[in-house]
Amino acid sequence: MRVFSFICLLLISFQLKAQEYAYPYSFFYNSLMQGHYFFSQTSASGGSFIQHISNKLPVADSLFHTPGNALQLHYKNGKGGKWQANIYRQQKRGVDNFQKAKYLSFWMYVSTPRGDNIDFLQLRLIKADSSFSESVSINAAKLNEWYQVLIPTGAIYNFNPDSFESIIGISLAQSNEDGKEYVVYVDDIEFLATENSPAMLDKAVIASATGYALHNDIVWNKPDNNNIHLVKIYRSENGKDFLPVGIQQPFINRYADFTGETNKQYSYKISFLNSSYKESALSPAIQVATRSMTDDELLTMVQEAAFRYYWEGAETNSGLAKENIPGRHNMIASGASGFGIMALIAGTERKFITRQQSIERFEKIVHFLERAKTFHGAYPHFMDGPTGNAEPFFGKRDNGADLVETSFLMQGLLAARQYFSGNNDQEKRMRERITAIWEKVEWDWFKQHPDSKFLYWHWSPDQAWTINHNLIGWNETMVTYLLAIASPTHSIPASMYYSGWANQDSTGQKYRSAWGQTRDGSMYKNGNTYFGIKLDVGVSNGGPLFFTHYSYLGYDPKAITDRYTNYFTNNQNIAKINHAYCVLNPKKYLGYGDSAWGLTASDGPFDYSADEPVEWQDHGKIAPTGAISSFPYTPVESMKALKHYYYRYGKFLWGEFGFRDAFDLTNNWCSEIYMGLNQAPMTVMIENYRTGLLWNLFMRNEDIQQGLLKLEAEKNK
Ligand code: CA
C-alpha cells in the first residue's frame, strides 16, 4: 500500500508541472494614450460616416465602464454606405496562455435613442489571415447606461474554440440604412471562460500609500482569490467623493496614480471585480499627499520603481527576473536576471529592502541556480521557474546554453559575491556558492574548436553548434569575452579578445557590415566623426544604446582601455551621438529632442526592435532606458530626459515599475509592458553615476583583476 501511494505521488508530482498563468484573451480595457486609440482602424464609404482621428477611434475619457476610458463610436448609417471600426488585440511578448473563450464579452453604452432597429450593429471577429467570422447582430438593449453584451462563442458560426488565438481583433460595422446618427461607447472587450463568475469574498485592504511629485503609489494586500478579474482604484480629493481612476491586473498589487499635481492631499479606496464585473465592497480609505521632490529624490524614485520589477515582480520559485511584465509568469530570463541582481544590490544599499531580506532573496536565487539545468556550466536564455529546465522561447534550436545571457548573469553574481562581504556564516556561504556557480561555467567549451578565434553564442546537446553565431564586437557582448578571459577555471586566452571580439579579418568585417548596413566600423575601430563627435570604436555610428549598458553595469568601462580606445570615453561618445541625432531628428518624429532621446532596443507599436541613430533603424519610438541608463556618460542630458519623461509624459509613461518600456508620439502609442532587460539598467547605471557602487564592487573581484592584467599584457604584444 505504501509503495502504491508512493508511485501515485510520483506520477502526480510529474503531472503537476506548474500551470502557466492564464490571461483573459482581451481586446480592450483602456487606452494608455488620450486622443485616439492606436490599435483601431475606421473606414466609411457612401453616405455613411464614422468619427475618427487619423482613421483611429476616439478615446472617451469621461465616459467609461472601467476607468480611465472607453472607445467612442460616433457614426451615421448612410443609405448605400458602410462604416466599419476594427479594434485589434495588442500582442504582448509571452502573454500566450489564455483562459478559455466560451463567451465574447464587451460593455456597451448607447447614448442615442435607437428607433426601431433591432439590428443595431454588426460584429465580426477578425482572424490572423485578415478574414472575418460570420457576423453577429448586436441590439441596443438599453439607453444611457452600461450593459454587458455576452455572446456565447459557440453561437458564432465558424468560430473554432481550439484556435481562438488566431483571432486578432473585432470589427463593428453598420447593419442597417436608417440614415440616423448614433453615439455608442464600448469598453472591456474580451473572451470570458464563464458567464457568471463567483462573487468575491476577499476584503480589499490598502496596505500603504506613498506620495511623490506628481503621483501616488497605492499598495494593497495581495488577494488570495483566483476569481479576481481586475482591481479597481478610486481617488478622492475631498475625502468624500470617490471617483474611479484606474484598474490593475490581479497579479500586481500596486497602482501608480499619476495625478499631475504636487502638494495635494488625496484619499484612495480600492475594490475587486470578478469577470462579470461584480464589485466587492470598497476598502477603507487611505490618505496620502503628493510633494515636491529634489533631483536627488527623483533619482531614488526612478531607481526604486525599476528595482521593484525584480523584487516584487520576480518569478516565484527562483526570485529571478521575468522577460517582461505582463508576460509569462513562470519564465526566467537569464540576462535580465543578472541585471536584476545588480538592481537588488543597489536597492539593498539604498534601503528599499533590508540586508536580511536581500540575503534571503539571494539564497533563493543561488538555490535555484545550483539546481537549474546548465550546459557545460552555462545557462539557457530562458528557464522554466518551476522545473529549472531550459525554455526554448526563441525557437526550438535555442534549447541549450546561451553564453551571452550567462555572462550577464555572472556579471551580476560576481557583483553580489563582493557585496556580501560579511564575516558571518550566511554571507560567507553565499560567496562560496556564487564562486561554485561561476567556476562551473566552461567558457572555453564555447570556442567550438580548440584553435578558434571566436566564442560562440549557443550550444545544446541535440543542436550542438547549429545556430553557429560567433561573438564579434562592437555590440553588447564584450563582457562575455572579458569574463571568459577572467575565469579561474575555464578561461580562454586573452588573445581571443583581439582575434574574436575585435576581429578584423573578413569574418568580422562581413558580420559588422551586415548588421550595420555600412562599412563604417567594419574593422571594429571606426575613427569617423558623427555630429562633430569622434567615434573610435563602433559599427555604423555606434549602434543602439544598450551596447553601452549591458556589458558595463558591473564591469567599469573606465578600466578598459584596449588597442583602440577607452570604453568609458567611447560609450560616452556613443551616447552623445545618439543624443545629437535625436535633437536633429531627421525623420521629424514627434517628441524627439534635447530631453527625449536615446534610441535602443525596446518594444514598439509594430514590433520589438533595436533602434539606432541612423534613419534606417529609427522607427520613431523612444525607450526611457536609453537616456536614463546612460546617466554616467551624459548626466546633464540624462537628467533632462528623466524629468521630461516623468513630468511631461508621466500620465501614460509612468507605472508601477517606473517608466514603461517605450513610447511613440507620432503613432500616439505607449508600451503596456516593462522589460527585464530595460528596467534594471536604469537602477544600476543611476547608482553607478551617483556612487559607483556596482562598478566598485564588481571590479574588486580578484578574478576580474587578473583578467584585466592578461588583457593589458595582450594589448602591448
Ligand atoms: Ca475602460
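Helix H7, running over residues 478-486, is a good way into this predicted model. Of its 9 residues, 9 are buried, so the helix is largely enclosed by the rest of the structure. Those buried residues are Met478, Val479, Thr480, Tyr481, Leu482, Leu483, Ala484, Ile485 and Ala486. What covers them includes a set of other helices: H5, H6 (425-440), H8 (495-501), H10 (567-584), H14 (693-699) and H15 (702-715).

Helix H5 turns up again in the nonpolar interior. The largest nonpolar core has 198 residues, and Met108, Trp474 and Tyr645 are the members that touch the most others. Helix H5 (residues 403-419) supplies the largest share of this core, with 10 residues. Apart from it lies another core of 17 residues, including Ile206, Ala209, Ile218 and Val288. As for methionine 108, its contacts beyond four places in sequence take in Phe120, Leu121, Ile138 and Asn139, along with Glu145, Trp146, Tyr147 and Val149, and also Val184, Tyr185 and Val186.

Tyr645, another of the core residues with the most contacts to other members, is one of the buried residues of helix H12. The buried set in H12 also includes Ser638, Met639, Ala641, Leu642, His644, Tyr646, Tyr649, Gly650, Phe652 and Leu653. This helix isn't straight. Its 19 residues would reach 27 Å in a straight helix at 1.5 Å a residue, but the end C-alpha atoms are only 21 Å apart. H12 also has a kink of about 50°, centred on tyrosine 647.

Just ahead of H12 comes serine 629, in the loop that links helix H11 (624-628) to helix H12 (635-653). Serine 629 is buried, and its relative accessible area is 0%. What does serine 629 touch, not counting residues up to four places away in sequence? The answer is His549, Pro681, Met682 and Met685. With proline 681, the side chain of serine 629 reaches the backbone oxygen at 3.5 Å. The serine 629 side chain also makes a polar contact, at 2.9 Å, with the side chain of threonine 625. Glycine 598 is 31 residues away from serine 629 along the chain, and the two C-alpha atoms are separated by 9.3 Å.

Helix H13 (residues 676-690) is home to glutamate 687. With a relative accessible area of 2%, glutamate 687 counts as buried. Its side chain makes a polar contact with the side chain of arginine 350, at 2.6 Å. Neighbours within four places in sequence aside, glutamate 687 is in contact with Gln303, Ala346 and Arg350, and with Gly692, Leu693 and Leu694 as well.

That leaves the metal. Which atoms coordinate the calcium ion? Tyr29 and Asn69 each offer O, Asn30 offers OD1, Thr66 provides both O and OG1, and Asp187 is listed with OD twice, at 2.3 to 2.6 Å. Along the chain, these donors follow the spacing Y-N-x35-T-x2-N-x117-D. Asparagine 30 sits in the loop between strand E1 (26-28) and strand E2 (40-45), while threonine 66 sits in the loop between strand E4 (59-60) and strand E5 (70-76), so the pair ties together parts that are 36 residues apart in sequence. Both asparagine 30 and threonine 66 are buried.

Methods
Residues numbered from 1 in each chain as written. Predicted model: local features only at pLDDT ≥ 70, side-chain atom pairs only at ≥ 80, totals over all residues. Heavy atoms only, no water. Donors = N, O, S within 2.8 Å, 3.2 Å for Na, K, Ca; no water. Helix = DSSP H or I, 4+ residues; strand = E, 2+ residues; numbered from the N terminus. Buried < 20%, exposed > 50% of the residue type's maximum accessible area, 1.4 Å probe, protein only. Contact = heavy atoms within 4.5 Å. Polar contact = N/O pair within 3.5 Å; in protein donor to acceptor, adjacent residues only side chain to side chain. Expected span 1.5 Å × (residues − 1). Bend = angle between axes of the 7 residues up to and from the residue. Core = buried A, V, L, I, M, F, W, Y, C linked by side-chain atoms within 4.5 Å.
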